[in-house]
Structure formats: structure tokens, C-alpha cells
Amino acid sequence: MSTTLLLLSWSDKMLHLLRRMNSFHLPGSSLEKCLRFEVAGQQVGWIRPDVASVMCRYPEVFCTVGGAIELCPTLDSYERRTQAVDVVLQTLRKEAEFTCLKGWRNEMYAVMPRFCDAPLMHMERAATSLFGVKRYGVHINGFSRDGDGKLSMWLGRRSSTKQTYPGKLDNLAAGGLASGCSVKHTLVKECEEEACIPPSLAHRARPVGTISYTYEDDEGVFPECQFVFDLELPSDFKPEIGDGEVQEFYFYPIDKVKELIVGEDFKPNCALVVLDFLIRHSVIEPDSEPYYQEFVSGLHRSL
């Protein structure tokens with residue numbers, strides 16, 4: 001963290017993080033230069049000009065129409081679109097055209113205009129940022145109350161071998177929403193795999209809403225929506241390391257968690273999940289937090 005940021009108040013640090021996680025909406029972003037990515041006449045993402053120029057090398061798959069890059073109309077089914085785009089992406093991966101493809105996961109994400117819409121195709125997770133395709137995930141706040149009702153929260157530290165944000169602090173459990181998987185299935189799966197939380201306990205998690213934001217970096221555009229759950233755990237419960245994606249768990253008073261989320265040791269989007277928790281549980285209140293309204297609106301930007 002820069003010296004300037006270190007000198008800021010907690011509120012200013014959090015506002016800075018929110019702006020960073022919504023950087024695609026800020027002046028000077030690539031938004032004005034981006035082309036719409038359309039499938040079957042519906043916009044499903046944003047493509048930056050440098051990516052568009054590469055995709056235009058494959059006219060049998062991509063075509064330019066006005067201010068949009070479209071999948072060719074001959075690709076008229078879910079299966080044809082998925083296969084054709086995957087062939088292009090596999091070629092670009094072999095040619096090392098884009099750094100994001102070095103993180104290839106063999107995990108497919110559904111591509112659709114809105115979450116409620118039927119998928120038009122699916123796409124390798126590592127490639128979604130090239131097309132600015134919406135990505136969905138599930139995050140679980142694991143917390144407990146003591147006899148006086150004071151809150152404490154479980155945090156996990158990501159494995160040092162993770163492809164993204166290795167060694168950073170994270171929510172108790174979280175994972176991307178793979179194509180064909182439901183939100184509840186993903187919740188139970190991630191709880192069990194990452195923290196050894198039995199399904200009977202994971203099913204007690206309460207859905208409490210979503211957070212959404214769009215940022216960009218060298219690897220592309222990231223419109224993301226996270227389905228957020230609160231899981232109140234017994235005071236004697238302790239998560240255990242499961243599949244190795246987490247190297248350690250910590251149980252901290254909520255005031256310490258609040259301080260941690262504005263530091264560089266915390267995965268940024270997971271910090272937003274905790275911020276949402278702090279607002280909903282009145283740890284942060286409008287009369288004492290000057291940026292309260294900015295925080296709320298920054299957690300729920302349209303994708």
C-alpha cells in the first residue's frame with residue numbers, strides 16, 4: 001500500500017477500494033472505446049479494441065457489425081457457439097496471445113445477458129475477461145456471537161499456490177458459479193471442500209442478497225456478481241482445511257475484521273462481501289459513517 005493510502009482514514013481507504021473495484025465506470029476507463037459483444041442479437045459483454053482486433057482474425061466465428069463484435073449467425077446453437085469459440089481460444093492459448101489464458105482452468109462459465117436468461121453458450125473461465133462476460137460466484141460469511149451478542153467472523157487465508165491472489169485473506173468459503181451448477185449446490189460444495197463444513201450445517205446458510213461491480217486490469221474487463229450468504233456457526237465450531245485451497249483459518253472479532261478489509265492482505269472482492277456484512281449487521285451506521293451511501297451504492301453497481 002502506498003504511503004498516501006496508509007495515511008488515509010478507514011473510510012477513505014474503503015472508498016478507494018470501492019472505486020478500484022468499479023474502475024470500469026470511472027472516467028478514463030476503456031468503456032468508451034469498447035465494442036459490445038453480442039450473441040444471437042443480445043449483448044453479453046464488452047470487448048476492448050486490442051482484443052477485438054485479434055478476434056477479427058477468425059471471421060468464421062467473429063464478425064464486426066457497427067459498434068459490436070458478434071458471433072457469426074451460422075453459429076445458431078448453444079453447442080456450435082461453444083465449440084467454435086473454444087477452438088479459437090485454444091489456438092490463442094497455444095500462441096500465448098493473452099496472459100489471462102495462462103490461467104486456463106478447464107472450468108466453463110455460462111454466457112447470457114442476465115442471470116435469469118437461458119445460457120447462449122459457455123466459455124472457459126480464464127477467457128471471460130477478454131469478452132467482458134458477466135461472472136457469478138457464491139461467498140459465505142461464517143460468523144458467531146458470544147454470550148453478549150458480540151460478533152466474530154471466520155476468515156481463510158488462500159493457499160500460496162492459488163492462481164489468483166495467493167496468500168490473501170478470504171471469506172470462510174467461496175467459489176465461482178460453474179456452468180450447470182445451482183447457487184445452493186455451489187454453496188454446499190465450497191463449504192465442504194474448502195472448510196470441511198458438513199452439508200447439514202451448510203444448508204443453514206441464509207441468502208442475504210448480492211453484490212456487483214465491474215473492474216478492469218491488464219487481463220480484461222470483469223463484471224462480477226456474488227451471491228452472498230450468512231452462516232451463523234456454533235461457538236465451538238472450527239473449520240478444517242479441506243482441498244488445500246485454504247492454508248489456514250482465523251477467528252477474529254468483527255472490529256479487527258473491519259480493519260483488515262482495507263489492507264492489502266485481503267482479497268479485494270472478498271473485502272466487499274465483508275463490507276456488505278458490516279452494513280447489514282449495523283456495524284457501520286449512516287450517522288457515524290460519512291460515506292455510508294457511497295458504500296451501499298458501490299456494492300450494487302449495474303453490470
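What share of the contacts in the protein chain with a separation of 6 or more comes from residues 24 or more positions apart? Such residues account for 65% of these contacts, where a contact means heavy atoms within 4.5 Å.

Welcome to this structure. It is a predicted model, in which local features need pLDDT of at least 70 and side-chain atom pairs count only at pLDDT 80 or more, while totals for chains, interfaces and linings use all residues. Residues are numbered from 1 along each chain as its sequence is written, and side-chain values use heavy atoms, leaving out hydrogens and water.

**The chain as a whole**

You will find 10 helices and 13 strands in the protein chain; these are DSSP runs numbered from the N terminus, with helices (H or I) of at least four residues and strands (E) of at least two. Taken along the principal axes, a box of roughly 65 × 45 × 35 Å holds the C-alpha atoms. A compact globule of 303 residues would have a radius of gyration near 19 Å, and the 20 Å of the protein chain agrees with that. This radius is taken over C-alpha atoms, and the globule rule is 2.2 Å times the number of residues to the power 0.38.

Of the 303 residues, 53% are buried. Buried means under 20% relative accessible area, exposed means over 50%, and partly exposed lies in between (1.4 Å probe, protein chains only).

**A buried cysteine**

Helix H6 (residues 183-195) contains Cys191. Why does Cys191 count as buried? Because its relative accessibility is 0%. Leaving aside residues up to four places away in sequence, Cys191 touches Ile140, Ala173, Cys196, Ile197 and Ala202. Gln90, on the other hand, is 101 residues from Cys191 in sequence and 32 Å from it in space, C-alpha to C-alpha.

**Two loop residues with positive phi**

Asn106 has a positive phi and is not a glycine, and Tyr165 likewise combines a positive phi with being a residue other than glycine. The table puts their values side by side.

| Residue | Phi | Loop between | Relative accessible area |
|---|---|---|---|
| Asn106 | near 55° | helix H4 (78-94) and strand S5 (108-111) | 64%, exposed |
| Tyr165 | near 50° | strand S8 (151-158) and strand S9 (169-170) | 31%, partly exposed |

So Asn106 counts as exposed with its 64%, whereas Tyr165, at 31%, is partly exposed.
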